[in-house]
Amino acid sequence: KPLALPGAHVVVTGGSSGIGKCIAIECYKQGAFITLVARNEDKLLQAKKEIEKHSINDKQVVLCISVDVSQDYSQVENVIKQAQEKLGPVDMLVNCAGMSLSGKFEDLEVSTFERLMSVNYLGSVYPSRAVITTMKERRVGRIVFVSSQAGQLGLFGFTAYSSSKFAIRGLAEALQMEVKPYNVYVTVAYPPDTDTPGFAEENKTKPLETRLISETVSVCKPEQVAKQIVKDAIQGNFNSSIGSDGYMLSSLTCGMAPVTSITEGLQQSRFRTSLGKSEGLMAPGSNQLGQVVAPPVTQDAGPPSRGPHSTHPRPGAPERHHCSTLVFLNCRPTWHGNPQWLPSTTEVVTMGLFRTIALFYLGSFDSIVRRCMMQRAKSEVADKTA
Ligand SMILES: NC(=O)C1=CN([C@@H]2O[C@H](COP(=O)(O)OP(=O)(O)OC[C@H]3O[C@@H](n4cnc5c(N)ncnc54)[C@H](OP(=O)(O)O)[C@@H]3O)[C@@H](O)[C@H]2O)C=CC1
Ligand SMILES: CCCCCCCCCCCCCCCC(=O)[C@@H](N)CO
């Protein structure tokens with residue numbers, strides 16, 4: 001059953017900026033009471049003012065509490081207690097506080113690994129640990145973790161960041177298995193690069209390779225990311241991703257992630273919609289080094305009508321389901337168990353296609369790395385001769 005946001009208490013860590021702020025706004029617009037958690041008090045008050053502009057009734061409240069979520073569990077526990085005293089038990093916790101630092105493995109300080117692990121990982125453990133008992137007792141709750149596409153695959157420059165975002169997934173999978181019988185649902189979001197103050201900050205020190213690789217997929221608006229996350233959290237979907245590349249990444253890296261909702265299977269319809277917009281995967285263009293990074297298979301830019309997701313059967317093909325959500329749902333009708341556990345032929349074919357596309361991406365990432373290396377070698381020679 002979807003969580004009803006009107007009157008619900010939503011705690012958003014990292015709610016004073018970027019994606020977290022947009023999530024808070026999205027929930028507030030739907031009638032929730034909000035607690036914002038972050039360190040800087042000025043930013044918190046600023047965000048509170050901005051969020052309050054979107055109120056839909058005069059009872060709604062935005063509470064701000066300043067704390068570092070990565071430092072001391074008892075502090076975080078206290079903050080949650082304060083929030084619950086003022087606004088009642090937490091219905092939804094969004095762990096969005098986080099940061100990114102990139103650089104080559106040997107250039108990153110050892111302390112950076114510790115820092116990212118404590119902010120991104122422990123900073124998600126502490127608030128979750130502080131709300132879980134009450135959620136289980138009440139048989140109500142949503143816990144959202146904000147990972148990243150870089151939490152689904154490791155990329156050049158992200159040795160410290162990716163590992164801290166991968167850790168979140170292990171936590172989330174194990175936790176979901178524990179709390180599902182108590183009607184508490186966990187969501188992990190894997191956003192792509194998103195236009196936020198944090199992203200601008202990160203870009204100041206990003207290695208060229210990391211930037212070029214990231215540029216093969218487009219930058220998202222935080223409002224769009226927030227909308228998707230809130231929607232998936234309300235539904236209780238374990239996975240939350242954006243766009244056609246996000247969908248493919250999630251399919252390819254799903255491992256044995258829990259299937260918490262039938263509507264998750266319906267993501268197929270979303271995939272078709274995002275392909276139709278011909279963004280991301282279909283129009284990556286070329287990068288700074290003048291090299292086309294689009295995998296060859298996507299060059300014709302016409303998969304919505306010709307890809308394996310077409311709802312129109314090829315001429316002469318036997319007619320199958322007239323279901324737009326073909327991939328996950330065309331299970332054999334004689335199957336008496338949960339149809340979700342049985343892959344269809346279409347799904348098997350689709351996964352093969354995704355894997356093939358992924359190999360093209362990986363190939364283009366390798367050549368970006370190689371070209372950057374050669375470019376550097378060249379300019380070093382030029383510097384010496386000059
Ligand atoms: N933007 C992007 O491209 C992507 C971002 N993400 C993830 O989404 C999340 C939000 O990112 P984004 O909106 O860009 O980030 P911003 O830097 O814009 O916002 C980060 C928020 O987290 C708070 N915060 C940071 N560290 C702490 C801490 N130790 N304790 C409490 N609060 C903290 C900040 O407030 P304050 O500094 O005052 O504490 C701020 O409110 C992060 O986890 C990020 O890794 C994932 C994929 C892509
Ligand atoms: C078949 C599948 C193909 C998929 C291709 C995937 C391409 C991946 C590019 C990933 C860009 C990294 C995003 C990290 C965002 C982030 O977390 C930071 N911006 C944080 O601030």
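The legends below describe close-up views of one predicted model.

In this predicted model, local features need pLDDT of at least 70, side-chain atom pairs count only at pLDDT 80 or more, and totals for chains, interfaces and linings use all residues. Residues are numbered from 1 along each chain as its sequence is written, while chains are lettered from A and ligands numbered from 1 in the order in which they are written.

**View 1. The protein chain holds 14 helices and seven strands.** Helices (H or I, at least four residues) and strands (E, at least two) are DSSP runs, numbered from the N terminus. The protein chain has 386 residues, and 41% of them count as buried. A residue is buried if 20 or more other C-beta atoms lie within 10 Å of its own, exposed if 12 or fewer, and partly exposed in between; C-beta atoms are placed from the backbone. Two residues are in contact if their C-beta atoms, placed from the backbone, lie within 7 Å. Take the contacts with a separation of 6 or more: 74% of them join residues 24 or more positions apart.

**View 2. Seven strands build an open, parallel sheet.** The order is β3-β2-β1-β4-β5-β6-β7. Two strands pair if DSSP finds at least two bridges between them. The edges belong to β3 (62–66) and β7 (239–240). Each has a single partner strand, so one side of each is left without a neighbour in the sheet. β7 pairs with β6 in the parallel sense, over two bridges. Look for N239 in β7: N239 is the bridge partner of V188.

**View 3. The largest nonpolar core has 73 residues.** A nonpolar core is a set of buried Ala, Val, Leu, Ile, Met, Phe, Trp, Tyr and Cys residues joined through C-beta atoms within 7 Å. V12, I23 and I34 touch the most other members. α4 gives the largest share, eight residues. Beyond its neighbours within four places in sequence, I34 is in contact with V10, V12, A24, C27, Y28, I51, V62 and L63. Another core, of five residues, lies apart; F156, L212, I368 and C372 are among its members. In soluble globular proteins, nonpolar side chains tend to be buried together.

**View 4. Domain 1 (9–265) touches domain 2 (296–385).** These bounds come from an automatic or database domain assignment. The contact takes 11 residues from domain 1 and 15 from domain 2. On the domain 1 side, α7 (208–214) and α9 each supply at least two residues. The largest share there, four residues, comes from α7. That side divides into seven nonpolar, three polar and one charged. Ala, Val, Leu, Ile, Met, Phe, Trp, Tyr, Cys and Pro count as nonpolar, Asp, Glu, Lys and Arg as charged, and the others, Gly among them, as polar.

**View 5. Ligand 2 is surrounded by 21 residues.** A residue counts as near if its C-beta atom, placed from the backbone, lies within 6 Å of the molecule. The closest are S100, S148, A150, M248 and A358. α6 (197–203), α9 (243–252) and α14 (345–385) each give two or more residues to the shell. Domain 1 and domain 2 each provide at least three. The shell divides into 12 nonpolar, six polar and three charged residues.

**View 6. R139 has a positive phi, near 60°, yet is not a glycine.** R139 sits in the loop between α4 (110–138) and β5 (141–146). R139 is exposed, with 10 other C-beta atoms within 10 Å.
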